[in-house]
Amino acid sequence: MTRRTPLNEAHRKLGARMVDFVGWDMPVQYSSVIAEHEAVRNAVGLFDVSHMGEIEFNGPGALETVNRLISNDLARCQDGQAVYAGLLNDLGGFVDDVVAYRFSPERILICVNSSNREKDFAWMKARAEGVTPVDRGDEYAQIAVQGPKAVGLVQRLTKADLSQVGTYRFTEGEVAGVKSIISRTGYTGEDGFELYCATGDAVKLWDALLEAGQPDGVKPCGLGARDSLRTEMKYALYGNDIDDAHTALEAGLGWIVKLDKAGGFIGKDALVAQKAAGIPRKLVGFELTGAGIPRHGYPILKDGVRVGEVTSGTQGPSVKKPIGMGYVPTNLATEGSTFDVEIRGRAVPAVVVKTPFLKKS
């Protein structure tokens with residue numbers, strides 16, 4: 001059965017083209033992917049991300065329970081701070097990538113990918129020692145407000161002082177009269193907020209943001225722009241760039257792995273061993289130097305031999321180049337290394353480049 005977010009009817013009224021996305025009826029675009037992409041880079045865009053899941057840990061020991069499940073370290077954080085982290089399996093591969101919010105040592109909220117909501121909850125419940133998680137996914141809607149004009153837009157609708165909410169920080173307050181978690185996070189490379197509210201308030205908040213954002217050139221944005229925006233930043237997508245078979249170190253996400261944190265975490269031993277033995281493959285960003293656009297699943301060749309495959313790829317609307325990501329042997333992972341991407345039977349030359357593809361000032 002296809003799931004629908006609380007904003008489904010609002011998308012249809014706006015003329016969105018709807019598609020099935022991991023069992024959810026979601027907008028892929030409203031006007032065009034490029035127009036929506038450019039709105040986020042230059043003004044402000046709104047995304048319905050209510051399909052994401054939320055899992056909460058409440059009570060004494062919540063912080064310690066969560067910290068044993070995630071690769072990052074919430075104990076080093078202050079209340080009102082969030083971290084990007086991995087839920088890792090015993091081999092160091094990804095069960096999921098998540099954002100964990102520390103309200104207090106006794107209240108932690110974890111945002112998980114929509115495709116993994118049930119899996120993640122079952123995984124956490126089976127491994128949680130101390131505090132039992134509660135699935136809150138059906139209680140929350142989530143709207144991402146992203147772009148250089150996003151902060152001004154949200155600030156006009158709230159009494160909360162957003163100048164005090166730094167990157168990967170959050171606060172609670174009303175936005176357009178709607179009780180919200182106001183999180184300075186996102187998946188686009190632009191400044192902005194992800195607003196969590198009760199599902200019943202989602203339409204009110206969405207409509208208020210659209211109306212108040214008209215002077216800013218606000219646009220509702222779909223999954224197409226979300227994908228091109230994150231690809232230009234080399235942000236990983238679960239199921240494409242990260243999965244249970246590739247470790248956090250191979251994915252270039254060693255910075256979200258705190259091997260020295262007290263109490264350890266699931267997958268630590270495998271990562272320590274891999275780090276000592278040497279990482280055999282790495283996720284790289286590359287540009288095509290020949291004609292074509294790299295797509296997920298295309299083979300990566302070196303001297304005619306398949307050595308990997310493209311995990312994500314697009315024609316970057318802002319960088320105006322065909323760009324992609326893929327796992328290659330470590331000896332091909334340094335900047336300037338070359339290989340070919342097979343596109344419809346043609347070997348198209350590519351070069352490894354420094355990422356993110358889009359350089360932000």
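In this predicted model, Ser 50 sits in the loop that links strand 3 (45-48) to strand 4 (53-58). Ser 50 has a relative accessibility of 3%, below the 20% cut-off, and therefore counts as buried. The side chain of Ser 50 comes within 3.0 Å of the backbone nitrogen of Gln 142. Apart from neighbours within four places in sequence, the contacts of Ser 50 are Thr 5, Pro 6, Arg 117, Tyr 140, Ala 141 and Gln 142. Two of these elements are worth placing: strand 9 covers residues 140-146, and helix 4 covers residues 117-127.

A second loop residue, Asn 113, can be described in a similar way. Asn 113 lies between strand 7 and helix 4 (117-127), and strand 7 itself spans residues 107-112. With a relative accessible area of 15%, Asn 113 is likewise under the 20% limit and so is buried. The side chain of Asn 113 makes a polar contact of 2.6 Å with the side chain of Asp 96. Asp 96 is also listed among the residues that Asn 113 touches, together with Met 52, Asp 97, Asp 120 and Tyr 238, when residues up to four places away in sequence are not counted. Although Asn 113 and Val 49 are 64 residues apart along the chain, their C-alpha atoms are separated by 9.8 Å.

Turning to the chain as a whole, the model contains 8 helices and 19 strands. A compact globule of 361 residues would have a radius of gyration near 21 Å, and the value of 20 Å for this chain agrees with that. The C-alpha trace spans about 60 × 50 × 45 Å along its principal axes. Of the 361 residues, 57% count as buried. The chain exposes about 14,900 Å², and carbon and sulfur atoms supply 50% of this area. Among contacts between residues at least 6 apart in sequence, 65% join residues at least 24 apart.

Two annotated domains fall within this chain. The UniProt record, an unreviewed entry, assigns "domain: GCVT N-terminal" to residues 8-261. That span is 25% helix and 30% strand, and its end C-alpha atoms lie 42 Å apart. The unreviewed UniProt entry also gives "domain: Aminomethyltransferase C-terminal" for residues 281-359. Here the composition is 0% helix and 58% strand, with 25 Å between the end C-alpha atoms.

What, then, fills the interior? In soluble globular proteins, nonpolar side chains tend to be buried together. The largest nonpolar core of this model has 35 residues, of which Phe 47, Phe 94, Tyr 101, Ile 181, Ile 242 and Leu 253 touch the most other members. At least two residues of this core come from each of strand 5 (81-88), strand 6 (94-104), strand 7 (107-112), strand 9 (140-146), helix 7 (223-232) and strand 17 (321-329). The most is given by strand 6, with 4 residues. Leu 253 shows how such a member is surrounded: beyond its neighbours within four places in sequence, Leu 253 is in contact with Tyr 84, Phe 94, Ile 242 and Ala 248. A second, separate core has 29 residues, including Tyr 30, Ile 143, Leu 209 and Leu 210.

Helix 2 (residues 33-42) also has buried positions, namely Glu 36, His 37, Ala 39, Val 40 and Arg 41. An α-helix has 3.6 residues a turn, so residues three or four places apart point the same way. The cover over the buried residues of helix 2 includes strand 2 (24-29), strand 3, strand 9, strand 13 (219-221) and helix 7.

A few backbone details complete the picture. Most residues other than glycine have a negative phi, and most peptide bonds are trans. Tyr 168, however, has a positive phi near 60°. This residue lies in the loop between helix 5 (150-156) and strand 10 (170-175), and Tyr 168 counts as partly exposed because its relative accessibility is 25%. Lys 234 also has a positive phi, about 60°, although it is not a glycine; Lys 234 is in the loop between helix 7 and helix 8 (268-277). The peptide bond from Thr 355 to Pro 356 is cis, with omega near 5°, and Pro 356 belongs to the segment after strand 19 (346-352).

Key:
Residues numbered from 1 in each chain as written. Predicted model: local features only at pLDDT ≥ 70, side-chain atom pairs only at ≥ 80, totals over all residues. Heavy atoms only, no water. UniProt positions renumbered as here; feature names shortened; annotations may be inferred. Buried < 20%, exposed > 50% of the residue type's maximum accessible area, 1.4 Å probe, protein only. Polar contact = N/O pair within 3.5 Å; in protein donor to acceptor, adjacent residues only side chain to side chain. Contact = heavy atoms within 4.5 Å. Rg over C-alpha atoms; globule rule 2.2 N^0.38 Å. Areas by Shrake-Rupley, 256 points an atom, 1.4 Å probe, with all protein chains shown as cover. Core = buried A, V, L, I, M, F, W, Y, C linked by side-chain atoms within 4.5 Å.
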